[in-house]
Amino acid sequence: MLWWMKTQCSNMQPNNGSTLFEWYCGYSSLQGYVYEMLNISQEFRGVHSDEKANVKILVIGCGNSKLSHDMHKDGFANTQSMDYSEIVIKHMKKLYPHLAHTYHVENMLNISLPDACKDLVLDKGALDAIFCGDNSYENIKIALTHISRILKPGGWYLMMSYAPREHRVHHLNNPDFRWEIFHTELDARPKPLTTPDTHFSHDVKHDGSNGKTAIEQGKASDRDDVDTANGFNSFHLYGMRKKLDEARAGG
């Protein structure tokens, strides 16, 4: 975790030539998946609408990435960002003063948000950072418990990782989290999310055009921001969809 922190802070130094840093990829590589998960037509990319503005999104471990800024620019005005580093949050508020109210210092091991309040939680390397720290397995379970708790029924947790499914799915596949798990490997070629369990084959919802998902219709040029500078020629996307029967009597 300390290494992660040092990397973030070093990339905020003026002599580094940039005050932003992207782990794995930028928003353009994730945009199609976000639209699929939220059941929004790809025709509305870049278009501001009430439907998009009302979607409640949380970016956890936001770091000094411009992901949240790009999502606001795309019309997702109800996007919040959190990071446990006060230095990082202060930096991002200064960088994007018009979005300062959306950046918060918060530890994903102790998320203070109420239950069932988010439609989408985005994680671009935050869980990976916990895996790099002490008591990682215990802390992973704590973090995932919080994420599951704040998701609405039918809501999605989209997690990006360098690790293949054999190193992540057994942590994600906990009945207490009450979600379905989808997976794909992302490189220069668009691919649909599918369940890692080979007994299932259903993909992300279709948008009704040409019988293909919007992801399958995407262009390779949409993947031009995949992180190769840090040795990641490809990485893994995990989509967890909260089950609709989450609401229980007395809950």
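The exercises below work through a predicted model of one protein, from the whole chain down to single residues.

Residues are numbered from 1 along each chain as its sequence is written, and side-chain values use heavy atoms, with hydrogens and water left out. Local features need pLDDT of at least 70 and side-chain atom pairs count only at pLDDT 80 or more, while totals for chains, interfaces and linings use all residues.

**Exercise 1. The whole chain**

Task: describe the make-up of the protein, its burial and its contacts.

Solution. Step one is to list the elements: there are 9 helices and 7 strands. Helices (H or I, at least four residues) and strands (E, at least two) are DSSP runs, numbered from the N terminus. Step two is burial: of the 251 residues, 51% are buried. Buried means under 20% relative accessible area, exposed over 50%, and partly exposed in between (1.4 Å probe, protein chains only). Step three is the surface: about 12100 Å² is exposed, and carbon and sulfur atoms supply 51% of it. These areas come from the Shrake-Rupley method with a 1.4 Å probe; for residues, only the protein chains shown count as cover. Step four is contacts (heavy atoms within 4.5 Å). Among those with a separation of 6 or more, 69% join residues 24 or more positions apart.

**Exercise 2. The sheet**

Task: give the order of the strands and find the edges.

Solution. Two strands pair if DSSP finds at least two bridges between them. On this basis the 7 strands form an open sheet with mixed pairing, in the order 3-2-1-4-5-7-6. Its edge strands are strand 3 (103–105) and strand 6 (179–186), each of which pairs on one side only. From one strand to the next, the twist averages 20°.

Next, take two pairs. Strand 1 (residues 57–60) and strand 4 (residues 118–124) are parallel, over 4 bridges; here Ile60 stands opposite Asp123. Strand 6 and strand 7 run antiparallel and are joined by 8 bridges, with Trp179 opposite Lys242 in strand 7.

Last, is strand 6 enclosed or open? Because 6 of its 8 residues are buried, strand 6 is largely enclosed by the rest of the structure.

**Exercise 3. Helices across the sheet**

Task: state which strands helix 2 and helix 5 lie across.

Solution. Axes are lines fitted to C-alpha atoms, for helices over the stretch in contact, and angles run from 0 to 180 degrees between N-to-C directions. Helix 2 (residues 27–37) lies across strands 4, 5, 6 and 7, at about 160° to strand 5 (151–161). Helix 5 (residues 86–95) lies across strand 2 (79–83) and strand 3, at about 165° to strand 3.

**Exercise 4. The faces of helix 5**

Task: sort residues of helix 5 by burial.

Solution. The buried residues are Val88, Ile89, His91 and Met92. Seen down the axis, they fall within an arc of 160° and so line one face of the helix; the arc is that of the directions from the helix axis to the C-beta atoms. On the other side, Glu86, Lys90 and Lys94 are exposed.

**Exercise 5. Positive phi**

Task: locate Asn39 and Ala116, and give the phi of each.

Solution. Asn39 lies in the loop between helix 2 and helix 3 (50–53). Its phi is positive, about 60°, although Asn39 is not a glycine. Ala116 is in the loop between strand 3 and strand 4, with a positive phi near 50°. Ala116 is partly exposed, its relative accessible area being 36%.
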